[in-house]
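User: Please take a close look at one helix for me. Then connect that helix to the rest of the model, in short steps.

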Amino acid sequence: MSTEQCMRLILGPQSPAHNIDAAMMAAGLPEGTFATITAGWQEAENDIDTLREIVGRPLVDLRLYARADDVFRTDEALAAAHRERQNRLKEQQRLYRLRLKQLAVAARHTLRADGDAAMVAAEKRHAIAQLRALDRHHLHRTESIGRPFGEQFNVTSSPLLARHHEEIREVINGCSVVLISGGNVAVLLNRLRLFGVDSLLANRHVVAWSAGAMVLAERVVLFHDRSPQGRRDAEIFGTGCGLVSGHVYFPDASHRLQERDRSRIELLCRRFAPDTCVALDNGAALEVRNSRVATAVSVRRLSRDGRIVRLRAA
Amino acid sequence: MNPALRKLFRKNTPDAAQLDAFIHETGFPLVDGSDVTFVYRGQAEEVFLRCWIAGLDTAQPFQPLSGTDLWAATIELPKGSRIEYKFEVINNGNRQLILDPLNEVVARDPFGANSVCQADGYERPEWTYPNDECRRGAIETVNVGSAAFNEARDVQVYLPARFRRNRQYPLLLVHDGVDYVNFASLQTVLDNLIHALEIPQMIVALTQSPDRLKEYAGDERHAKFLAEDLLPFMSERYPLIDEARARGIMGASFGGVASLHAAWRFPGVFGNLLLQSGSFAFSDLGRHQRGPVFDPVVRFMNEFREQPGCPAENIYLSCGIYESLIYENRSLVPRLQAQGLNVRFEEARDAHNWENWRDRLRSGLSWLYPGPLWFVYE
């Protein structure tokens with residue numbers, strides 16, 4: 001099956017109500033066994049009985065989280081290098097956050113500024129351009145920091161990773177569809193990369209929700225306006241698998257975003273343009289085929305006027 | 001007069017049956033906006049409200065309500081306040097401190113218990129209650145040899161649910177840790193905040209001093225115990241993240257002093273301090289007025305204020321507005337900020353007690369140790 005023929009079915013959170021079954025039926029996904037990736041659930045990985053009941057198909061979990069634990073236990077050098085890379089990535093994220101904080105505050109103030117329209121517009125553009133430049137720089141840095149590990153330990157250089165990769169490939173080849181659950185997006189992305197799974201998904205139908213949806217995009221953006229310490233500025237976390245282009249996903253946006261703060265929504269929209277910021281709430285279903293939105297049910301997008309509006313299929 | 005009492009006395013002096021019904025049907029103390037009326041029923045020569053609020057007389061007299069055995073005292077308590085109190089009842093010249101017999105809400109502390117007045121707008125935070133959906137962490141006791149004290153000491157260690165040896169965890173050292181568990185619901189709060197992803201899974205060492213007023217008052221031995229005995233022990237025994245920013249110390253009252261002192265004596269070792277109602281007494285001129293037990297505290301604080309250095313990168317402070325220590329705590333904030341440290345200070349309409357410290361745990365812990373909520377999209 002070519003990449004163009006593959007469907008990406010993107011969903012919002014599957015609680016309190018699930019819509020994966022209805023969305024799959026509407027999309028006409030093929031019969032057969034489905035592979036699941038639930039590494040985002042971490043210790044609860046492979047706890048898929050409920051999912052199996054909902055989906056009504058045979059499921060086999062790829063157990064990426066458990067496989068990674070096995071690899072870290074078995075290969076000390078790999079584990080040490082992985083930890084070192086993660087520490088450096090954390091440090092990079094911290095430094096990025098330091099700079100982001102100031103730029104984002106300045107941009108928000110500028111977006112709310114009054115005065116001569118032309119002059120304010122020019123400052124707005126520049127404030128957003130500064131943020132976008134910082135985001136690009138951060139993406140570049142995270143790629144640079146991650147590269148040495150990826151070059152030293154990958155599915156061709158490490159027999160251990162190669163064995164797991166081969167096992168995973170066989171399972172995926174025997175399945176008609178791959179499901180990717182939500183959970184911890186950092187853990188999920190990390191495990192997908194470690195075993196080179198992202199490259200195995202290109203020619204597969206993929207159904208993904210929440211964190212699973214986020215990793216399919218080209219960029220992964222972290223956000224939460226209602227954490228115990230109050231809202232934080234959205235952060236680029238890194239590149240995603242790039243299986244869907246032109247979108248950045250914001251799962252559970254109605255809870256996690258302060259929708260009434262229009263300058264904040266406007267800033268998000270303009271900061272990540274030309275990608276569309278897609279809000280995926282409970283009940284949302286977005287079918288993407290050949291990089292085009294085929295259908296969109298209860299899906300919204302962030303707009304330049306600071307509202308979150310309905311996303312329409314192309 | 002409180003509206004409920006006014007209604008009771010509107011026609012005639014109520015008889016015993018009417019009083020019984022009133023007591024049975026009414027919740028006490030009586031809260032009417034910012035006025036709170038405490039009611040005592042019984043024979044007495046005098047009754048006082050004892051509530052230890054800085055700015056108010058310690059003893060507020062009750063007034064007898066004519067023709068009955070009811071007594072009442074009204075104080076003003078701003079919205080959101082929470083105070084602890086007792087009644088002092090004088091009979092035949094004997095003074096007796098008792099809990100409010102008409103109020104079931106009680107806070108316990110190492111000295112016993114107090115009645116609790118929850119003013120309009122105060123609500124006990126949901127995350128301080130046990131939650132059946134949360135997996136519970138475990139507490140185990142370890143025995144730590146201490147060169148500083150030349151003896152071994154028991155320390156209780158909280159391990160989060162799903163603790164795994166192949167992971168690495170942040171560490172928090174807690175002064176009066178057992179008291180925090182018993183009187184400030186620390187274990188429940190940790191379980192709940194970890195479950196809600198608001199703080200990471202973490203290991204918490206709960207220390208308890210046999211002589212806290214001495215050892216917590218800027219005592220060199222105690223600082224060494226934390227940095228040179230307990231920390232190496234914990235690092236050896238548990239999988240900890242080996243970075244200052246993943247290590248912290250917490251304490252209330254004298255425990256706050258001990259936390260600050262240890263971090264100041266060993267700069268760069270602890271990245272986080274959580275200081276609640278710290279007894280940060282100091283003197284600008286002349287002798288302090290807080291009694292001899294504060295002498296070493298004042299010596300340390302005066303020295304600290306001269307040369308604060310960088311005890312920790314992140315410092316969270318909280319203090320009750322109704323404590324005398326609010327002045328010292330407020331004074332400390334700009335001094336710390338001037339050192340370029342990340343400082344967060346919160347005031348609460350509460351006093352020097354364990355439930356005040358409990359209610360601030362979420363903001364302090366989640367600020368110092370942000371959890372994976374940011375990364376989890378279910």
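Analyst: The helix comes first, then its chain, then some details of both chains.

This is a predicted model: local features need pLDDT of at least 70, side-chain atom pairs count only at pLDDT 80 or more, and totals for chains, interfaces and linings use all residues. Residues are numbered from 1 along each chain as its sequence is written, chains are lettered from A and ligands numbered from 1 in the order in which they are written, and side-chain values use heavy atoms, with hydrogens and water left out.

Start with helix H6 of chain A, residues 159–173. Helices (H or I, at least four residues) and strands (E, at least two) are DSSP runs, numbered from the N terminus. H6(A) has 15 residues. From first C-alpha to last, H6(A) reaches 21 Å, close to the 21 Å expected at 1.5 Å a residue. That expected span is 1.5 Å times one less than the number of residues.

Now look at which residues of H6(A) are hidden. Buried means under 20% relative accessible area, exposed means over 50%, and partly exposed lies in between (1.4 Å probe, protein chains only). The buried residues are A:Leu160, A:Leu161, A:His164, A:His165, A:Ile168 and A:Ile172. They cover an arc of only 125° around the axis, which puts them on the same side of H6(A). The arc is that of the directions from the helix axis to the C-beta atoms. A general rule helps here: an α-helix has 3.6 residues a turn, so residues three or four places apart point the same way. On the other side of H6(A), A:Pro159 and A:Glu170 are exposed.

What covers the buried side? The cover includes helix H3 (64–74), helix H4 (76–111), strand E4 (177–180), helix H7 (185–194) and helix H8 (197–200) of chain A.

Compare another helix, H11(A), residues 262–271. H11(A) is mostly covered, with 9 of its 10 residues buried. Among them are A:Ile265, A:Leu267, A:Leu268 and A:Cys269, and also the charged A:Arg264 and A:Glu266.

Follow the chain past H11(A). A:Pro274 sits in the loop between H11 and strand E10 (276–280) of chain A. The peptide bond between A:Ala273 and A:Pro274 is cis, with omega about 10°. Chain B gives a second case: B:Phe28 and B:Pro29 are joined by a cis bond, with omega near -5°. B:Pro29 lies in the loop between helix H2 (16–25) and strand E1 (30–32) of chain B.

Next, strand E12 of chain A, residues 292–297, which holds A:Thr295. A:Thr295 is partly exposed, at 35% relative accessible area. Contact means heavy atoms within 4.5 Å. Leaving aside neighbours within four places in sequence, A:Thr295 is in contact with A:Ala285, A:Leu286, A:Glu287 and A:Ala313. A:Thr295 and A:Ala26 are 269 residues apart in sequence, yet 9.8 Å apart in space, C-alpha to C-alpha.

Beyond E12 comes a loop that leads to strand E13 (300–302) of chain A, and A:Ser298 is in that loop. A:Ser298 has a positive phi of about 55°, although it is not a glycine. A:Ser298 is exposed, at 53% relative accessibility. In chain B, B:Ser277 also has a positive phi, near 45°. B:Ser277 is buried, at 0%.

Charged pairs come next. Side chains of opposite charge can pair when their charged atoms come close. A salt bridge is a side-chain nitrogen of Lys or Arg within 4 Å of a carboxyl oxygen of Asp or Glu. The whole structure has 46 of them over all chains. One joins A:Arg193 and A:Asp198, at 3.6 Å from N to O. A:Arg193 is partly exposed, at 34%. Another pairs A:Arg52 with A:Asp49, at 3.0 Å. Both lie in helix H2 (residues 49–55) of chain A, 3 residues apart, about one turn of the helix.

Finally, step back to chain A. This chain has 11 helices and 14 strands. Of its 314 residues, 54% count as buried. Among contacts in chain A with a separation of 6 or more, 75% come from residues 24 or more positions apart. Along its principal axes the C-alpha trace of chain A spans about 65 × 45 × 35 Å.
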